[in-house]
Structures are given as C-alpha cells and as structure tokens.
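Q: Please take a close look at the ligand site and describe what lies around it. Add what the interior of the protein looks like.

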Amino acid sequence: MVGGLVAGRLALVTGAGSGLGRAACQVLSREGATVIAADKNYNAAVETIKTHTALASGANDQDHMAVELDVSDSTAVRNLLDTVMKQSKVPPTIIVNSAGITRDNWLLKLSEQDYDSVLNTNLKGTFLVMQTFAKAMTEAGLPGSIINISSIVGKYGNMGQTNYAGSKAGVVAMTQSAAKELGKYNIRVNAILPGFIDTPMANAVPEKILQGMLKMVPLGRLGHPSEIAEVIAFLGSNKSSFVTGAAIDVTGGF
Ligand code: NAP
C-alpha cells in the first residue's frame, strides 16, 4: 500500500495473536505500516501475519514479522529490540501494548498467584515494552506514538476483577506519566479504554453476565475488534499529532 494513515511506519503490536492485537495488525498494515506481531503464542502471531494483514490481500511489498514475546520477561523484551534493530536498523515508532490476561475471582478468594500474573502481564509488561522501545526511539531521535490498551473496568471497577481493574487503572496512570516525560522527544503516549469487545477474552464471560452488561451499553451490542483498531490507527498516525496523555473510552457509551 502506497498511501495510508501510517504509511512507511514500523509498528510493534503485542498480544498480536488474538483479538484487539490481531485487529490492530490488520488495520495498521491496511494503512501502510509494516507490522511486527508479537505474542506469547508464536503460532497465533504467525497466523495474524499470514492471514490478517495487508500481506494476505496481496500487498507483499511489506516485510511483516511474527515474533514470540512474553511481555512480562524483561530479557525477552530487550532481545526483541535487538532483533528488530538488526533487521530494520530503526526501532518501531508505533507501539501498541495489547497483551493482556484475566484471572477473575472474588476478592476474598483471589490467589496471590492470580494477582501477580495479571499485574505482571498487564501492567509490568506494558511498562517494560514502553520503557525499552521509548528509549530506542529517543536514541534514534525519532518521534513516535505509544498506545496502551487499558479497560473501562480500570475506571469503574468490576466484581471479580480486583486484580484486572487495578492493573488497567495502573496502565492509565502510567500512560499519563509517560506522556508528561516523553513529550519533549515528540513521543506521544495514549491509552484506550475499551468496553466489551467481541474477542476470546470477552467470550470467556458467562453469557448471563454478558447479557446483563449489554443492557448498560447504549449502543446495545458488543464492540467489534476493528472498532478499537481504527482508534489505534488514528492515535498512531499524525492525524492525532496534538493528542497525548489521553485516556479514550471506546465503549458504545457504557
Ligand atoms: P485476547 O483475545 O485474549 O488476546 C490477548 C493476546 O495476548 C493473546 O494472544 C494472548 O496469548 C496474548 N498474551 C497473553 N499474555 C501475554 C504475554 N505475557 N506476552 C505476550 N502476549 C500475551 O484478548 P483481547 O480481548 O484481544 O484483549 C487485548 C487487550 O485489550 C488486553 O489488554 C485486554 O485486557 C484489553 N481489553 C479487552 C476487552 C474486551 O472486551 N475484549 C475490554 C477491555 C480491555 P494467549 O492466548 O496465549 O494467552
């Protein structure tokens, strides 16, 4: 693709093997970016590149790449940067932190292990990727855009999700703080707070609870992953050149 919102840009997307991360790869590549799809599940990341990017629709002039990455592992994150620098010579300037997990339970029953794993992936993982790749951008003297996927649950809380809600509130606070520090390098940092989006994560919510939640959504339906991905592409592009430190609800009005 010659034109497009993010033409010629290199984009790193974590959690790219499924749901919102996969949709982000799809839309960013449609808009002209070269995509690095990173996921704990390597085969799923490969599937994203093969069948869900502009490559699949015949735009084979782009060098999309699938990589295995556990975002909570600082060594793995650093190694990924080294690999990308060897291959592309420049760091990605669009970073989408979409890797995330839930381990739901009532507060009174939640194990320390389930607390730690959610915080390590959702909050620490976002921190590690953001720190590592922002540093690379500053060293290369390149402007960039970091998009962190929080959740509307981080704003209002949710029963059974003290660990998850805490991690997602942390993502917003971290985003706002990073935006303040990185503005002088022309690196923008924004968060998206999705509502209930039709992905494997949302499909894990019991049907009865989901139906109850949908009654509180004015648009009366689940969101489609592409409806988050379009906002990601906007935030990654120069169309949002004065937007930083923002936390944008994309919830159908929930
Ligand atoms: P998803 O379909 O489960 O996709 C998440 C992807 O991240 C999966 O491929 C998962 O791999 C991967 N992943 C998990 N742990 C990882 C790690 N440590 N390192 C790298 N990759 C890892 O979920 P989704 O709905 O797309 O969610 C994407 C983001 O949006 C998450 O941060 C989520 O919290 C947020 N969000 C989603 C919704 C929603 O309604 N769907 C609403 C609000 C916010 P495995 O499958 O192997 O675990």
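A: The ligand is surrounded by 29 residues, and S18, L20, D39, Y164 and T199 are the closest; a residue counts here if one of its heavy atoms lies within 4 Å of the molecule. This is a predicted model, in which local features need pLDDT of at least 70 and side-chain atom pairs pLDDT 80 or more, while totals for chains, interfaces and linings use all residues. Residues are numbered from 1 along each chain as its sequence is written, and side-chain values use heavy atoms, without hydrogens and water.

Polar contacts are pairs of N or O atoms within 3.5 Å. A polar side-chain atom of Y164 lies 2.5 Å from an oxygen atom of the ligand, and one of T199 also lies 2.5 Å from a ligand oxygen atom. From L69, a backbone N or O atom lies 3.2 Å from a nitrogen atom of the ligand. The ligand taken alone exposes 880 Å², of which the protein buries 87% (Shrake-Rupley areas, 1.4 Å probe).

As for the interior, the largest nonpolar core has 36 residues, with L12, L80, F133 and I146 touching the most other members. Such a core is a set of buried Ala, Val, Leu, Ile, Met, Phe, Trp, Tyr and Cys residues joined through side-chain atoms within 4.5 Å; buried means under 20% relative accessible area (1.4 Å probe, protein chains only). Its largest share, 10 residues, comes from α4, a helix (DSSP run of H or I, at least four residues, numbered from the N terminus). A second, separate core of 29 residues includes A23, V27, I49 and I197.

Terms used
Buried < 20%, exposed > 50% of the residue type's maximum accessible area, 1.4 Å probe, protein only. Helix = DSSP H or I, 4+ residues; strand = E, 2+ residues; numbered from the N terminus. Polar contact = N/O pair within 3.5 Å; in protein donor to acceptor, adjacent residues only side chain to side chain.
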